[in-house]
Amino acid sequence: MKPSYRLVRLAESMARTGLGRSAFYAAVSEGVLPKPVKLGRASAWPEHELNAVVAAMIRGDSHDALRDLVQRLHVERAHCGREAAARA
């Protein structure tokens with residue numbers, strides 16, 4: 001299955017997690033939610049990263065497990081889309 005690289009803006013990101021603005025940014029600061037991708041002055045979050053974190057929250061993963069997941073997701077960002085570029 002092809003990964004989705006859709007970016008989600010703040011309002012939708014907050015709705016997906018069920019967190020308000022302050023709690024959402026606190027979770028990002030704590031490393032429990034992924035950092036945003038900057039789009040000039042705007043910010044957005046990769047949809048697949050939010051989906052992975054929300055699924056972990058639903059499973060009841062601990063904050064430490066969520067932080068580990070977010071760290072892995074950030075490492076994967078460095079390789080995002082390289083497979084497709086290598087085939088072209």
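## A first look

Of the 88 residues in this protein, 30% are buried. The model you are looking at is a predicted one, so please read what follows as a tour of that prediction. The accessible surface adds up to about 5,800 Å², and carbon and sulfur atoms account for 56% of that surface.

## How the chain is laid out

If you trace the protein along its sequence, you will meet the elements in the order β-α-α-β-β-α-α-α. That gives five helices and three strands.

Contacts also link distant parts of the sequence. Taking the contacts between residues at least 6 apart in sequence, 55% join residues at least 24 apart.

## Where two helices meet

A good place to look next is the pair formed by helix α1 (residues 10–17) and helix α2 (residues 21–30), which pack with their axes 10 Å apart and at an angle of about 85°. Angles of 65 to 115 degrees count as roughly perpendicular, and α1 and α2 are therefore roughly perpendicular to each other.

Which residues in α1 and α2 meet? From α1 come L10, S13, M14 and T17, while α2 brings R21, F24 and Y25. The residues of this contact between α1 and α2 divide into four nonpolar, two polar and one charged.

## A serine in strand β3

Now move along to strand β3 (residues 42–46), where you will find S43. Is S43 buried or exposed? The relative accessible area of S43 is 17%, and buried means under 20%, so S43 is buried.

The surroundings of S43 are easy to list. Leaving aside residues up to four places away in sequence, S43 touches R9, L10, P36, V37 and K38. L10 is also one of the α1 residues that meet α2. With K38 there is a further detail: the side chains of S43 and K38 make a polar contact, at 3.1 Å.

## An alanine in helix α3

The last stop is A55, which has its place in helix α3 (residues 47–59). With a relative accessible area of 30%, A55 is partly exposed, since that class lies between the 20% limit for buried and the 50% limit for exposed.

How many residues apart in sequence are A55 and T17? They are 38 residues apart in sequence, and in space they are 10.0 Å apart, C-alpha to C-alpha. T17 may be familiar by now, as T17 is among the α1 residues in the contact with α2.

Methods:
Residues are numbered from 1 along each chain as its sequence is written. This is a predicted model: local features need pLDDT of at least 70, side-chain atom pairs count only at pLDDT 80 or more; totals for chains, interfaces and linings use all residues. Side-chain values use heavy atoms; hydrogens and water are left out. Helices (H or I, at least four residues) and strands (E, at least two) are DSSP runs, numbered from the N terminus. Buried means under 20% relative accessible area, exposed over 50%, partly exposed in between (1.4 Å probe, protein chains only). Contact means heavy atoms within 4.5 Å. Accessible areas come from the Shrake-Rupley method with a 1.4 Å probe; for residues, only the protein chains shown count as cover. Axes are lines fitted to C-alpha atoms, for helices over the stretch in contact, and angles run from 0 to 180 degrees between N-to-C directions. Angles under 35 degrees count as roughly parallel, over 145 as roughly antiparallel, 65 to 115 as roughly perpendicular and the rest as oblique. Ala, Val, Leu, Ile, Met, Phe, Trp, Tyr, Cys and Pro count as nonpolar, Asp, Glu, Lys and Arg as charged, and the others, Gly among them, as polar. A polar contact is a pair of N or O atoms within 3.5 Å; within protein, one must be able to donate a hydrogen and the other to accept it, and residues adjacent in sequence count only if both atoms are side-chain atoms.
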